[in-house]
Amino acid sequence: MPFARLATATTPTCHIGLGLAAVGRPGYINLGRDRDLGEARSVDALRARTHQLLDAAYAQGVRYFDVARSYGRSEEFLAAWLEANPDIDDVVVGSKWGYTYTADWSTDAERHEVKDHSLATYERQRAETGALLGERLDLYQIHSLTPDSPALTDKELHARLAEAAAGGLTIGFSTSGPQQAETVRAALAVTVDGEPLFRTVQSTYNVLEHSAAPALAEAHDAGLTVIVKEGMANGRLAEPNAPEALRSVAAEAELGCDAVALAWILRQPWVGVVLSGAATLTQLASNLHAPAVDLDADLMTRLATLTEDPRAYWERRGRLPWH
């Protein structure tokens, strides 16, 4: 398991990873994106921004970097950074397949990505990822599994994924939607030759949407590394959009709402890595204060009261515009 490397790391920030969804393409659904990026969204501008974030994250102890085929040029940007830093050999690199980026570097495309969990898509995208990241790829995840995904029942796909695992690649999956817990449990039951196929799970979990917690705890107990994405609820938990209860706790902690929101996640005993989706160096620096936030039981309970009905949460997320 590549995440075993993090077990020996001494910096608190090793449990925070950097996801490049927000900087690998010009359009995304995070709130405040116009403020974060402005008009500087050319390929060269976002490549430079990505490399600045990677430099800063690595310097401050971050050791997991997360990309995907559908995150525009995120794999390309990360591959170039790794090539420019050949002495860096202690990071864990994860990518995902199952969505194809279709926006052609536009912010107003009719469709920004297309989902397909077929074996043919896996083989095509595995080759594309391999051409960019090569042997630096540690983890390959099925992107956004849901209970109806054919990837949960496709035995031929499972066999091909098991072959990749036998070759040294760690196989994982990510989840989305209001039925994340059901998806996690279904994936835990997938085996090849009697052995569990998946070694990691990446799910949305934050103070607004924590319905998957029991299933994620079960995944952890089964030996999977749990990676948390969307800890900031696509900007809904950052200033100036944060709810009053979060603002109040952040004021008491004398830190940003983002650091407090991520700290709440880090306090869960089953969490292995929490992703920062920072698009600016200021956001990254603030996110990385999360391990230092001291949340007692009362503050944890106050934040937990922010929970929303999962279907309402995902319906609202589905309405967020691509900026």
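## The second largest pocket

In this predicted model, the second largest pocket has a volume of about 160 Å³. Its lining is made up of Met1, Ala162, Ala165, Leu169, Thr170, Ile171, Val192, Glu195, Pro196, Leu197 and Arg199. If you would like to find these residues by element, begin with helix 6 (155-166), strand 7 (170-175) and strand 9 (195-196), the elements that each give two or more residues to the lining of this second largest pocket. Sorted by class, the lining residues of the second largest pocket are eight nonpolar, one polar and two charged.

## Leucine 197, a residue of that lining

Leucine 197 is one of the residues that line the second largest pocket, and its place is in the loop between strand 9 and strand 10. Is leucine 197 buried or exposed? With a relative accessibility of 6%, leucine 197 counts as buried, because the limit for a buried residue is under 20%.

Which residues does leucine 197 touch, once its neighbours within four places in sequence are left aside? They are His158, Leu161, Ala162, Ile171, Val190, Thr191 and Val192. Among these contacts, Ala162, Ile171 and Val192 also line the second largest pocket. For a sense of distance, look at isoleucine 142: it is 55 residues from leucine 197 along the chain, and the C-alpha atoms of the two are separated by 12 Å.

## Strand 11 and threonine 225

Next comes strand 11 (residues 225-229), where five of the five residues are buried. Thr225, Ile227 and Lys229 point one way from the strand, while Val226 and Val228 point the other way. Strand 11 runs parallel to strand 10 (residues 200-204), and five bridges join the two. One pair to look for is threonine 204 with its bridge partner in strand 11, lysine 229.

Threonine 225 sits in strand 11. Its relative accessible area is 16%, so threonine 225 is buried. Beyond residues up to four places away in sequence, threonine 225 touches Met1, Phe3, Arg199, Thr200 and Val201. Two of these names may be familiar: Met1 and Arg199 are also among the residues lining the second largest pocket.

## The largest pocket

The largest pocket holds about 980 Å³ of space. It is lined by 48 residues, and those closest to its centre are Tyr28, Ile29, Asn30, Glu230 and Asn234. Two or more lining residues come from each of helix 2 (33-37), strand 6 (139-145), helix 10 (257-266), strand 12 (273-276), helix 11 (281-287) and helix 13 (310-319).

Which element gives the most to this lining? Helix 11 does, with four residues. By class, the lining of the largest pocket has 17 nonpolar, 19 polar and 12 charged residues.

## Strand 1 and its partners

Strand 12, which gives residues to the lining of the largest pocket, is also a partner of strand 1. Strand 1 and strand 12 run parallel and are joined by three bridges. Within this pairing, glycine 17 stands opposite leucine 275 of strand 12. Strand 1 also pairs with strand 2 (residues 64-66), again in the parallel sense, over two bridges. Here leucine 18 stands opposite phenylalanine 65 of strand 2.

Strand 1 covers residues 16-19. Ile16 and Leu18 point one way, Gly17 and Gly19 point the other way, and all of them are buried.

## Helix 9, with two sides to look at

In helix 9 (residues 244-253), the buried residues are Leu246, Val249 and Ala250. Seen down the helix axis, these buried residues fall within an arc of 100°, so they line one face of helix 9. A general rule helps here: an α-helix has 3.6 residues a turn, so residues three or four places apart point the same way.

The buried residues of helix 9 pack against helix 10 and helix 12 (297-304). On the other side of helix 9, Glu244, Ala251 and Glu252 are exposed. Helix 9 is followed by glutamate 254, whose phi is positive, near 60°.

## Tryptophan 105

Our last stop is tryptophan 105, in the loop between strand 4 (99-101) and strand 5 (113-115). Its relative accessible area is 22%, so tryptophan 105 is partly exposed. Not counting residues up to four places away in sequence, tryptophan 105 touches Gly24, Arg25, Pro26, Arg41, Ser42, Val43, Leu46, Arg73 and Phe77. Arginine 247 lies 142 residues from tryptophan 105 along the chain, and their C-alpha atoms are separated by 35 Å.

Conventions. Residues numbered from 1 in each chain as written. Predicted model: local features only at pLDDT ≥ 70, side-chain atom pairs only at ≥ 80, totals over all residues. Heavy atoms only, no water. 1 Å grid on protein atoms, 1.4 Å probe; cavity = no way out; pocket = protein on both sides within 12 Å on 5 of 7 lines; lining within 4 Å. Points joined across faces, edges and corners; volume = space filled by probe spheres on them. Nonpolar A, V, L, I, M, F, W, Y, C, P; charged D, E, K, R; others polar. Buried < 20%, exposed > 50% of the residue type's maximum accessible area, 1.4 Å probe, protein only. Contact = heavy atoms within 4.5 Å. Pairing = 2+ DSSP bridges. Arc of directions from axis to C-beta.
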